[in-house]
Amino acid sequence: MAFTLTSNDLKDGNSLPERHVFNDIGYPGDNLSPHLAWENIPEGTRSFAITVYDPDAPTGSGWWHWGVANIPADVREIPQGAGSGKGGLPAGAVQTRTDFGKAGYGGAAPPKGENHRYQFTIHALDVDHIDVDENASGAVLGFNIHFHTLGSATLTVTYG
């Protein structure tokens, strides 16, 4: 069976609900990270990482909206709000810096009039720990994930 990512809050291919949209610079959302759950993990998984990426951002390099590393291998879900200071991230997990400039979930905020894709991805890793902290960029997190990925599952939503 395939490694899969699901959510009580998001449906693959649908629009991102307002509660998960950024809540600054004119955006009306609550900036609340969504519930995420995964199953059918690859054999040998020793930890997980989560990334949320907007490949459509007009930057030449996309936009990192969330990064979480060092999720223990026995964890299979995180609750809504875990990346927004509401609790629920497992002990040892670390949120990395987004392109908004700080660690934690940063909701959708495309330029007015544009519709963007937001890729929520769970990565199954072959190591217990990636050496990143809250100051690591999405690119640094992605670089470290790249060399340790056993499998990934993505859920894509849109907002605009």
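Two strands count as paired if DSSP finds at least two bridges between them. The model discussed here is predicted.

Q: Which order do the five strands of the open sheet have?
A: The pairing in this open sheet is antiparallel. Read across the five strands, the order is S6-S4-S3-S7-S8.

Q: Which strands stand at the edges of the sheet?
A: An edge strand here has a single partner strand, so one side of it is left without a neighbour in the sheet. This applies to the strand at 94-95 and to the strand at 149-159. They are S6 and S8.

Q: Over how many bridges do S4 and S6 pair?
A: S4 covers residues 63-72 and pairs with S6 in the antiparallel sense. Pairing requires at least two bridges. The number for S4 and S6 is two.

Q: Which residue in S6 is the bridge partner of Ala 69?
A: Strand S6 spans 94-95. The partner of Ala 69 in a bridge to this strand is Val 94.

Q: Where along the protein chain does the helix come in the run of elements?
A: The protein chain has one helix and eight strands. From the N terminus on, the elements run β-β-β-β-β-β-β-α-β. The helix therefore lies between strands S7 and S8.

Q: What radius of gyration does the protein chain have, and why does it agree with a compact globule?
A: A compact globule with 160 residues would have a radius of gyration near 15 Å. The value for the protein chain agrees with this, at 14 Å.

Methods
Residues are numbered from 1 along each chain as its sequence is written. This is a predicted model: local features need pLDDT of at least 70, side-chain atom pairs count only at pLDDT 80 or more; totals for chains, interfaces and linings use all residues. Side-chain values use heavy atoms; hydrogens and water are left out. Helices (H or I, at least four residues) and strands (E, at least two) are DSSP runs, numbered from the N terminus. The radius of gyration is taken over C-alpha atoms; the globule rule is 2.2 Å times the number of residues to the power 0.38.
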